[in-house]
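Biologist: Hey, could you walk me through this one? I'd like to start with what you mean by a word you keep using, "buried".

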Amino acid sequence: MSTPLLHISELTKRFGGYTAVSNISLDIQRGERIGLIGPNGSGKTTLMNCVSGTLPPTAGAIAFESRDITHRPPHKRARLGLSRTFQIPRPFHSMTVLDNLMIPLEYVAHRGVFNDQHAVAEAMALLDEMGLADRAHERPATLSQVDLRKLELARALAAHPKLLICDESMAGLSAVEVDEMLNILMRINGQNIAIIMIEHIMQAVMQFSQRLFCLDAGELVCEGSPQEVVANPHVQRAYLGT
Ligand SMILES: Nc1ncnc2c1ncn2[C@@H]1O[C@H](COP(=O)(O)OP(=O)(O)O)[C@@H](O)[C@H]1O
Ligand SMILES: [Mg+2]
């Protein structure tokens, strides 16, 4: 086996006396398409917050390309190739759509080289890929829900990730828009970028994922092929709420 891209080992996150993530270990390989499922409140976002560095774990360790990143701040993880989108898009509202991409491009990908013509060209190429090129000089407030989610994705991609974590990028979208997002994510994955998709839309996550992980009440209750996981009795119980 090659070394995994991401290695999570015995990770626990407590909020006071409440255990949101309980002793989770899992590996993700380079270029993999992963689905992370589980009922609301099962710890998916918290686990990914620990991976991206926005929350410190209570116990356990995280390694990215064999480097221990458990205690590194989010921006350093981003520079190593770990990028994420937020469940609620977080653009800079006072900036244009284009400038929203310049921040990660200049800071993470071009490492502090500002006003770089290459960075502008790259930002425009990313917007073009998302179908947002004609919105480059508008403010995020003028974008529809699906376009905001595409901007969120473009911002994450601007940091040149090896692993992209998408937290409910399809929530609230129409069936047509979900398909559009799936196509974009498949194209991104085609560039050998591993993707962890947190998603409630089962049809989308089943279609997308090579492997699924299911959390329930902070515990990893099942992992395997999408077919194996949805057939698992514990997973079915978690979803039926019995
Ligand atoms: N910052 C926080 N402080 C206290 N409790 C939190 C915090 N973040 C999440 N939780 C709790 O942890 C549990 C898991 O939440 P979350 O990871 O957001 O679940 P999911 O993304 O699977 O819906 C929930 O019960 C939630 O209320
Ligand atoms: Mg969540």
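Modeller: Sure. Buried means under 20% relative accessible area. This is a predicted model, by the way. Cys166 has 1% relative accessibility, so Cys166 counts as buried.

Biologist: And Cys50, buried or exposed?

Modeller: Cys50 is at 0% relative accessibility, so Cys50 counts as buried too.

Biologist: OK, how many disulfides does the structure hold?

Modeller: Zero. Cys50 is in no disulfide, and the nearest cysteine sulfur to its own belongs to Cys214, 18 Å away.

Biologist: Why is there no bond from the sulfur of Cys166?

Modeller: A disulfide needs two cysteine sulfur atoms within 2.5 Å. For Cys166 the closest cysteine sulfur is in Cys50, 18 Å off, so that is too far for a bond.

Biologist: New topic: which residues are around ligand 1?

Modeller: Among them are Phe15, Tyr18, Ala20 and Pro39, plus Lys44, Thr45 and Thr46. By class, the shell has four nonpolar, six polar and one charged residues.

Biologist: Where does the largest share of that shell come from?

Modeller: Helix 1, which gives three residues.

Biologist: What does an oxygen atom of ligand 1 lie 2.9 Å from?

Modeller: An N or O atom in the side chain of Thr45. There are backbone examples as well: a polar backbone atom of Gly43 is 3.0 Å from a ligand 1 oxygen, and for a backbone N or O atom of Ser42 the distance to a ligand 1 oxygen is 3.2 Å.

Biologist: And how much of ligand 1 does the protein bury?

Modeller: Ligand 1 exposes 560 Å² when taken alone, and the protein buries 60% of that.

Technical notes. Residues numbered from 1 in each chain as written. Chains lettered and ligands numbered in written order. Predicted model: local features only at pLDDT ≥ 70, side-chain atom pairs only at ≥ 80, totals over all residues. Heavy atoms only, no water. Near = heavy atom within 4 Å. Polar contact = N/O pair within 3.5 Å; in protein donor to acceptor, adjacent residues only side chain to side chain. Areas by Shrake-Rupley, 256 points an atom, 1.4 Å probe, with all protein chains shown as cover. Helix = DSSP H or I, 4+ residues; strand = E, 2+ residues; numbered from the N terminus. Nonpolar A, V, L, I, M, F, W, Y, C, P; charged D, E, K, R; others polar. Buried < 20%, exposed > 50% of the residue type's maximum accessible area, 1.4 Å probe, protein only.
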